[in-house]
Amino acid sequence: MSLQQSFDRHDAQFAVWRAGHPGGTYAAFLTERVTADLRTGRAHTTLGPRLKDCDDWWSHGRPLFEELLAVAPLPETARVVDYGCGSLRIDAHYIRRQAPGCYMGLDLDRTYLAWGRELAGEALLAEKRPRLGLIAGLMPEAATFGAGLVISVLAAPQVHPDEVDAFYGDLRAAAAASGCRVVLTANIADRMIRYAPAGRAWPIERFDAWMHPLTRIGLHHRRDVEKEGGTVTSCHLVYRR
């Protein structure tokens, strides 16, 4: 199957799903597919209780946590919001580091959050009192949480073009406090490149426009990957309110 054929097949599957879910979003479609796959017990690269090529859940998320902390250092009393926290692979480290009540994690799926609670452990959650919940329910609270840092890791490349306004609008809303920084893990290219059925890279100018009026204060290169449509650069983009 060619890359374009895989795109066509994926788009057709989404169209069929949406016909049976009036008003459903592409984000919900992707989440439902991944959750169904994980419930079979299959290992995943970033989500759920079974992670590929790793026997220790805590150690799996630590390198990226330390990478984010180096990009955006913050005191332990600062408040952190993760938009798309998944099953807390990275965020358990923020929960453990930050002072009690200083972390909020939002996601689309209750199953991810339930796995994250179980994996992080009730003792840590009781001590640190993180706020965990669905995006639809917690976004109003996130906007008044007073976050000093908002992170969104690995979600941006999967945002459908029709849903960029909602996604980046929520990021801007969560970063309402003056001086709040947003660290967005994104894939950039000199033009829009669809390199996978659910993966897109965009020019840096598009991210700057979507995050306005926040100002970009950093671009931290991670790696370059050659795709069929061109070079895709994975990076952490840092914005400030």
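Helix α3 (residues 57-71) has a kink of about 30° centred on Pro-63, the bend at a residue being the angle between axes fitted to the seven residues ending there and the seven starting there. Helices (H or I, at least four residues) and strands (E, at least two) are DSSP runs, numbered from the N terminus. The model is a predicted one, in which local features need pLDDT of at least 70, side-chain atom pairs count only at pLDDT 80 or more, and totals for chains, interfaces and linings use all residues. Residues are numbered from 1 along each chain as its sequence is written, and side-chain values use heavy atoms, with hydrogens and water left out.

Buried residues of α3 (under 20% relative accessible area, 1.4 Å probe, protein chains only) are Trp-57, Gly-61, Leu-64, Phe-65, Leu-68, Leu-69 and Val-71. Among the elements covering them are α4 (91-97), α5 (110-120) and strands β5 (181-188) and β9 (230-240).

Turning to the sheet, seven strands form an open arrangement in the order β3-β2-β1-β4-β5-β9-β8, with mixed pairing; two strands pair if DSSP finds at least two bridges between them. Because β3 (131-134) and β8 each have a single partner strand, these edge strands are left with one side lacking a neighbour in the sheet. Strand β2 (residues 103-107) runs parallel to β3 over four bridges, and Leu-106 has Gly-133 of β3 as its bridge partner.

A further packing involves helices α7 (residues 135-142) and α8 (residues 164-174), whose axes lie 9 Å apart at an angle of about 35°; axes are lines fitted to C-alpha atoms, for helices over the stretch in contact, and angles run from 0 to 180 degrees between N-to-C directions. Ile-135, Met-139 and Ala-142 of α7 meet Asp-170, Ala-173 and Ala-174 of α8, contact meaning heavy atoms within 4.5 Å.

Note on methods: Buried means under 20% relative accessible area, exposed over 50%, partly exposed in between (1.4 Å probe, protein chains only).
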